[in-house]
Amino acid sequence: MNHWLLKSEPDVFSYYHLEAAPGRRTVWDGVRNYQARNILRDEIQVSDLAFFYHSSCKEPAIIGVCRVTRTGLADPSQFDPASDYFDAKSDAANPRWITIEVEALRALKHPITLKDMRKDSALQEMALLNRSRLSVQPVSAEEWSHILHLAADNGHFHE
């Protein structure tokens, strides 16, 4: 199993929106970066776990944990002319934008802020602190456990 970090702007779609979604699930739509798309398409697998990160807000932070429930999905927003993420060049038979479905598992007891992560020597190699613009990022097993420990979850995730 791999671990990931998924970024979303909380005023657009927050972790709490995910918790309130039908079945606590949603399609992770609107990714329009080819590197992030390739991760969604080629690397993320069903049952992988991901941190849900609130970005572009007053206090960016890891807020919750979600699980990947489906992969290889055509991002529906690419076909919706009313969507900000519409892509007129994408073909339904061979979609340009591939995504995943995620399910909310639980909010962290103590969200981990970007400010706190930057101060933590154990997280200095984390992709978020080095390639922060990418909306889908890998998280190492060590980083995953360390962040859960910081969140008072004792380094382990139990459903």
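**Close-up views of helix 5 and the largest pocket**

**View 1. E143 lies in helix 5.** The model shown here is predicted. Is E143 buried or exposed? With a relative accessibility of 10%, E143 counts as buried, because the cut-off for that label is under 20%. If we set aside the neighbours within four places in sequence, E143 has contacts with L123, E125 and M126.

**View 2. The buried residues of helix 5 are E143, W144, I147 and L148.** Helix 5 itself spans residues 141-150. Around the helix axis, these buried residues cover an arc of only 130 degrees, so they sit on the same side of helix 5. What do the buried residues of helix 5 pack against? Their partners are helix 3 together with strand 1, strand 3 (49-54), strand 4 (61-74), strand 5 (98-113) and strand 6 (136-139).

**View 3. A152 follows helix 5.** For a backbone check, have a look at phi here: the phi of A152 is positive, near 70 degrees.

**View 4. The largest pocket has a volume of about 780 Å³.** Its lining is made up of 25 residues, and the closest to the pocket centre are K7, S8, E9, S55 and S135. Which elements give two or more residues to this lining? They are strand 1 (3-8), strand 2 (25-27) and helix 3 (114-119). If you like to think in terms of chemistry, the lining residues divide into 11 nonpolar, 8 polar and 6 charged. Strand 1 and helix 3 will be familiar from the second view, as the buried residues of helix 5 pack against both of them.

Conventions. Residues numbered from 1 in each chain as written. Predicted model: local features only at pLDDT ≥ 70, side-chain atom pairs only at ≥ 80, totals over all residues. Heavy atoms only, no water. 1 Å grid on protein atoms, 1.4 Å probe; cavity = no way out; pocket = protein on both sides within 12 Å on 5 of 7 lines; lining within 4 Å. Points joined across faces, edges and corners; volume = space filled by probe spheres on them. Helix = DSSP H or I, 4+ residues; strand = E, 2+ residues; numbered from the N terminus. Nonpolar A, V, L, I, M, F, W, Y, C, P; charged D, E, K, R; others polar. Buried < 20%, exposed > 50% of the residue type's maximum accessible area, 1.4 Å probe, protein only. Arc of directions from axis to C-beta. Contact = heavy atoms within 4.5 Å.
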